[in-house]
Each structure stands twice: as C-alpha cells, then as structure tokens.
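Subject: Structure for your files

Dear colleague,

Here is the structure I said I would pass on. My notes on it follow below.

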Amino acid sequence: MLAGYYRLNDILKEIDRNKTTVLRWEAQKLIPKAKRDSRGWRCYTEKDIKKIVNKVKKTKYFRKG
C-alpha cells in the first residue's frame, strides 16, 4: 500500500456498508473514484475518506425514504 493511503475496508468500518455498495456508489459517481496502487487495489487519502464519510452521513447513507 502507498504511504498515507487507506484501504476500502477503512471506509467500510466508518459507514457500516458492504464493499459492493461502495463500489456501486463509485460506479454511479456518488463518491470519488479511488486511486489504485501497484497491485490495482483501491486506496484512498484521508481527505477522500472524510469526504465520503461526511457525504454518506449527511445524506443518510444515500437511502431514500
């Protein structure tokens, strides 16, 4: 992993959602697209994580109703 970057699991712990959900949000461009490390794994900066977590909490996890 790149120094100063975090994995998808770090986001999942913060927002209580599964990997498939976060990947779908990324595909729908609801959250920023992840950078990739040399192995092709998703990695996020602390700023990315804060932005995603704040957006998810602010919009009640993108749930309707």
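What share of the 65 residues in the protein chain is buried? In this predicted model, buried residues make up 31% of the chain.

Overall layout

The protein chain has 3 helices and 2 strands. Read from the N terminus, these elements come in the order α-α-β-β-α. Among contacts with a separation of 6 or more, 51% are between residues 24 or more positions apart.

Helix 1

Helix 1 covers residues 8–15. Its buried residues are L8, I11, L12 and I15. Around the helix axis they span an arc of only 100°, so they sit on the same side of helix 1. The cover over these buried residues includes helix 2, strand 2 and helix 3. Just after helix 1 comes D16, which has a positive phi of about 55°.

Helix 2

Helix 2 runs over residues 19–27. At its N-terminal end, N18 acts as the cap: a side-chain oxygen of N18 is 3.2 Å from the backbone nitrogen of T20. The buried residues of helix 2 are T21, V22, W25 and E26. Viewed down the axis of helix 2, these fall within an arc of 140°, and therefore they line one face of the helix. They pack against helix 1, strand 2 (42–43) and helix 3 (46–58). On the face turned away from the buried side are the exposed residues T20 and A27. After helix 2 comes K29, with a positive phi near 65°.

How the two helices meet

Two packed helices are described by the angle between their axes and by the distance between those axes. For helix 1 and helix 2 the angle is about 105°, and the axes are 10 Å apart. That angle makes helix 1 roughly perpendicular to helix 2. Helix 1 contributes L8, L12 and I15 to the contact, and helix 2 contributes K19, V22, L23 and W25. By type, the residues of this contact divide into 6 nonpolar, no polar and 1 charged. Some of these residues also appear in the lists of buried residues: L8, L12 and I15 for helix 1, and V22 and W25 for helix 2.

K35 and T45

Two residues outside the helices are worth a separate note. K35 lies in strand 1, which is residues 35–36. T45 is in the loop between strand 2 and helix 3.

Is K35 buried, exposed or partly exposed? K35 is partly exposed, with a relative accessible area of 36%. T45, in turn, has a relative accessible area of 18% and is buried, because the cut-off for buried is under 20%.

Leaving out residues up to four places away in sequence, K35 touches Y5, W41, R42, C43, T45 and D48. One of these, D48, makes a side-chain to side-chain polar contact with K35, at 3.4 Å. Another is Y5: K35 and Y5 are 30 residues apart along the chain, and their C-alpha atoms are separated by 9.3 Å.

With its neighbours within four places in sequence set aside, T45 is in contact with G4, Y5, Y6 and K35. Y5 is thus listed among the contacts of K35 and also among those of T45.

Regards

Note on methods: Residues are numbered from 1 along each chain as its sequence is written. This is a predicted model: local features need pLDDT of at least 70, side-chain atom pairs count only at pLDDT 80 or more; totals for chains, interfaces and linings use all residues. Side-chain values use heavy atoms; hydrogens and water are left out. Axes are lines fitted to C-alpha atoms, for helices over the stretch in contact, and angles run from 0 to 180 degrees between N-to-C directions. Helices (H or I, at least four residues) and strands (E, at least two) are DSSP runs, numbered from the N terminus. Angles under 35 degrees count as roughly parallel, over 145 as roughly antiparallel, 65 to 115 as roughly perpendicular and the rest as oblique. Contact means heavy atoms within 4.5 Å. Ala, Val, Leu, Ile, Met, Phe, Trp, Tyr, Cys and Pro count as nonpolar, Asp, Glu, Lys and Arg as charged, and the others, Gly among them, as polar. Buried means under 20% relative accessible area, exposed over 50%, partly exposed in between (1.4 Å probe, protein chains only). The arc is that of the directions from the helix axis to the C-beta atoms. A polar contact is a pair of N or O atoms within 3.5 Å; within protein, one must be able to donate a hydrogen and the other to accept it, and residues adjacent in sequence count only if both atoms are side-chain atoms.
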